[in-house]
Amino acid sequence: MKTTQPPRTVHRPATGRSPALDLRSLQKTHGRGRQAVTALHGIDHAIPSGSFTAVMGPSGSGKSTLLHCAAGLERPTSGSVTLAGQELSGLSERQLTLLRRDRIGFVFQDFHLVPALSVAANVALPLRLAGRRPDPHRLEELLSNVGLLDKRNRRPAELSGGQQQRAALARALVTHPEVVFADEPTGALDRASGRDVLQLLRDAVDDGGTTVVMVTHDPQAAAWADEVLVLADGRLVDRLTGPDVTAETIAARMAALGV
Ligand code: ADP
Ligand code: MG
């Protein structure tokens, strides 16, 4: 297997601008009483705007819970999440829905495309749901960026996994979201298709100024990020930045943690 390293060009320090995402004493307990499971034990971390962050850790360490709380899909038990300057705990369900629709993009391991809609209609869906008319030029540009212009009229089932994930990424970006959350976006893809998706996420950060937060198990995928956060048992136990963000160093640190 090739162990190509992603191009390491940009490392943006957290200067001036307010963070895209600010987690303060973030704590989340699922369930109640004897069934209660504390998935996050107080996470403090700020993610700079226009950066790419990878979240790693063993299965059950709280990665998905962290993403869901950060994206307003789940309410924290205590602590705060501030997304693009907006503290989420004060928002109603309706306001959270609008925030997710207008300011956040999501990419999932299993794509979550609508089977009955064409690729182009899937990509335009967030705009349609917001009652906005998709700009045909913007749509064409996005489809072209992800290499799917010639597949625009196909249904998801007619596409490879990599193509489906690129369509899902175009859909996540169509509203120009401040933050894109990706939960194992390359988990179901072969190495080459995964690379394409990672390159597109990297481009969204470097060229589009998007903030990307990506959960992954794969040190090679995490090496595309500017910063790697490591969770274990619901706690932030390690952070890698700058020259430490290589597949080898990440793998070594994970191995040291017994992951
Ligand atoms: P990861 O994504 O790192 O695998 P999760 O955030 O999915 O971890 O889960 C963290 C912990 O919280 C695990 O112990 C898991 O079983 C538990 N958990 C996650 N979601 C729920 C839920 N909806 N109800 C009860 N427990 C949950
Ligand atoms: Mg998970």
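**Note on the ligand shell and the open sheet**

1. The shell around ligand 1 is made up of three nonpolar residues, seven polar ones and one charged. The model is a predicted one, and the residues that surround ligand 1 are His 30, Val 37, Ala 39, Pro 58, Ser 59, Gly 60, Ser 61, Gly 62, Lys 63, Ser 64 and Thr 65.

2. As to where these residues come from, helix H1 (residues 63–70) gives the largest share of the shell, three residues, while strand S2 (37–47) and H1 each contribute at least two.

3. Several polar atoms of the protein approach ligand 1: an N or O atom in the side chain of Thr 65 is 2.6 Å from an oxygen atom of the ligand, a backbone N or O atom of Ser 61 lies 3.2 Å from an oxygen atom of ligand 1, and an N or O atom in the side chain of His 30 is 3.3 Å from a nitrogen atom of ligand 1. Of the 560 Å² of accessible area that ligand 1 has on its own, the protein covers 58%.

4. Six strands, in the order S6-S7-S8-S3-S9-S10, build an open sheet with mixed pairing. Strands S6 (104–108) and S10 (235–241) each have a single partner strand, so one side of each is left without a neighbour in the sheet. From one strand to the next the twist averages 20 degrees.

5. At the S6 edge, S6 pairs with strand S7 (residues 179–183) in the parallel sense over five bridges, and Val 179 in S7 is the bridge partner of Ile 104.

6. Two helices lie across strands of this sheet: H1 crosses S3, S7, S8 and S9, at about 155 degrees to S7, whereas helix H2 (residues 93–103) lies across S6 and S7, at about 75 degrees to S6.

Definitions and conventions: Residues are numbered from 1 along each chain as its sequence is written. Chains are lettered from A and ligands numbered from 1 in the order in which they are written. This is a predicted model: local features need pLDDT of at least 70, side-chain atom pairs count only at pLDDT 80 or more; totals for chains, interfaces and linings use all residues. Side-chain values use heavy atoms; hydrogens and water are left out. Two strands pair if DSSP finds at least two bridges between them. Helices (H or I, at least four residues) and strands (E, at least two) are DSSP runs, numbered from the N terminus. Axes are lines fitted to C-alpha atoms, for helices over the stretch in contact, and angles run from 0 to 180 degrees between N-to-C directions. Contact means heavy atoms within 4.5 Å. A residue is near a molecule or strand if one of its heavy atoms lies within 4 Å of it. A polar contact is a pair of N or O atoms within 3.5 Å; within protein, one must be able to donate a hydrogen and the other to accept it, and residues adjacent in sequence count only if both atoms are side-chain atoms. Accessible areas come from the Shrake-Rupley method with a 1.4 Å probe; for residues, only the protein chains shown count as cover. Ala, Val, Leu, Ile, Met, Phe, Trp, Tyr, Cys and Pro count as nonpolar, Asp, Glu, Lys and Arg as charged, and the others, Gly among them, as polar.
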